[in-house]
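Let's take a walk through this model together, beginning at one spot and working outwards. Keep the structure open beside you as you read.

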Amino acid sequence: MNNPNELAVRIGSLERTLPTVRAGNLGRVPLVEFIGDSEFTNAAAQELVALIPAQTEVLLTVVTNALPLTHELSDRSGLPYVCARKKRRTYMQSPLIQEVPSMTLGVTETLWLDGPHAERLRGRRVAIVQDVIASGGTAQALARLVERAGGTVTGYLAAFRQGQPPMQVTVLQDLPRSL
């Protein structure tokens, strides 16, 4: 842990050394990558599946890095999932649009939830899944989409927490805010 360019994490019996990257005024932060690392993704999903709130009927995530994790949680739990996008797609029908109020890494984003996907949340109890939750801005925007679609948020799940988000989040591990 003396090397500021990497951070070792353990999920279950699996250990990964995460590279760190410069992120605005935060200094160096660990970079969690589930895309392309099935072993890491599966280890996290295996640990998180037991932590899904019991009353959950649907999982909601956002592209990109949390998508493989949510897919594996869906496979293990049998729960369907819905994914919000960060760009409008031409095929979207009456999408719900939600601004992300602030991003830890200083990037402002807009989330798009296709109308038919929003319908899958109506009247359902929804758990929000993320790879890393830091400021909580994306989680709050996802929760707003759930509410606007007529669903109810049951809880927030993430493989990692980095900082102090304003909501209660069930996580596998805390990461340092910066290195």
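## A starting point: Val32

Setting aside neighbours within four places in sequence, Val32 touches Leu18, Phe40, Asn65, Asp131, Val132, Phe160 and Leu175. This is a predicted model, so please read every value here as computed from it. Val32 sits in the loop between strand 3 (28-30) and helix 1. Is Val32 buried or exposed? Val32 is buried, because its relative accessible area of 6% falls under the 20% cut-off.

From here you can also look across to helix 2. Val32 and Ala66 are separated by 34 residues in sequence, and their C-alpha atoms lie 9.9 Å apart in space.

## The chain as a whole

Stepping back, the protein chain has 4 helices and 10 strands. Following the sequence, you will meet them in the pattern β-β-β-α-β-α-β-β-β-α-β-α-β-β. The C-alpha atoms fill a box of roughly 50 × 35 × 30 Å along the principal axes.

How does the radius of gyration of the protein chain agree with that of a compact globule? For 179 residues, a compact globule would come out near 16 Å, and the chain has 16 Å, so the two agree. Of these 179 residues, 50% count as buried. Contacts between distant parts of the sequence are well represented: among contacts joining residues at least 6 apart, 60% link residues at least 24 apart.

## The five-stranded sheet

Now find the open sheet of 5 strands, ordered 5-4-8-9-10 and paired in parallel. Its edges are strand 5 and strand 10 (170-174), each of which pairs on one side only. On average, and ignoring direction, neighbouring strands of this sheet are turned by 20 degrees against each other.

Strand 4 and strand 5 pair in the parallel sense over 4 bridges. Val62 has Ala84, in strand 5, as its bridge partner. Helix 2 packs on the sheet and touches strand 4, strand 5, strand 8 and strand 9, with its direction at about 170 degrees to that of strand 4. Helix 4 (residues 137-149) also packs on the sheet, where it touches strand 4, strand 5, strand 8 and strand 9; its direction makes about 160 degrees with that of strand 8.

Elsewhere in the sheet, strand 8 and strand 9 run parallel and are joined by 8 bridges. Gln130 stands opposite Ala158 of strand 9. Strand 9 is largely enclosed by the rest of the structure, because 8 of its 10 residues are buried.

## Helix 2

Helix 2 (residues 66-77) has 12 residues and reaches 16 Å from its first C-alpha to its last, close to the 16 Å expected at 1.5 Å a residue. Which residues of helix 2 are buried? They are Ala66, Leu69, Thr70, Leu73 and Ser74. These residues cover an arc of only 140 degrees around the axis, so they lie on the same side of helix 2.

Their cover includes helix 1 (38-48), strand 4 (58-62), strand 5 (81-84), strand 8 (125-133) and strand 9 (152-161). Right after helix 2 comes Gly78, which has a positive phi near 80 degrees.

## Helix 4

Helix 4 has 13 residues, which should span 18 Å at 1.5 Å a residue; its end C-alpha atoms are 18 Å apart, so the two values agree. Its buried residues are Gly137, Thr138, Ala139, Ala141, Leu142, Ala143, Leu145, Val146 and Ala149. Gly150, just after helix 4, takes a positive phi of about 95 degrees.

## Two backbone spots to check

Most residues other than glycine have a negative phi, and most peptide bonds are trans. With that in mind, have a look at the bond between Val63 and Thr64: this peptide bond is cis, with omega about 25 degrees. Thr64 belongs to the loop between strand 4 and helix 2.

The other spot is Ser94, which has a positive phi of about 45 degrees although it is not a glycine. You will find Ser94 in the loop between strand 5 and strand 6 (96-100). Ser94 counts as exposed, because its relative accessible area of 64% is over the 50% cut-off.

Definitions and conventions. Residues are numbered from 1 along each chain as its sequence is written. This is a predicted model: local features need pLDDT of at least 70, side-chain atom pairs count only at pLDDT 80 or more; totals for chains, interfaces and linings use all residues. Side-chain values use heavy atoms; hydrogens and water are left out. Helices (H or I, at least four residues) and strands (E, at least two) are DSSP runs, numbered from the N terminus. The expected span of a helix is 1.5 Å times one less than its number of residues. Buried means under 20% relative accessible area, exposed over 50%, partly exposed in between (1.4 Å probe, protein chains only). The arc is that of the directions from the helix axis to the C-beta atoms. Contact means heavy atoms within 4.5 Å. Two strands pair if DSSP finds at least two bridges between them. Axes are lines fitted to C-alpha atoms, for helices over the stretch in contact, and angles run from 0 to 180 degrees between N-to-C directions. The radius of gyration is taken over C-alpha atoms; the globule rule is 2.2 Å times the number of residues to the power 0.38.
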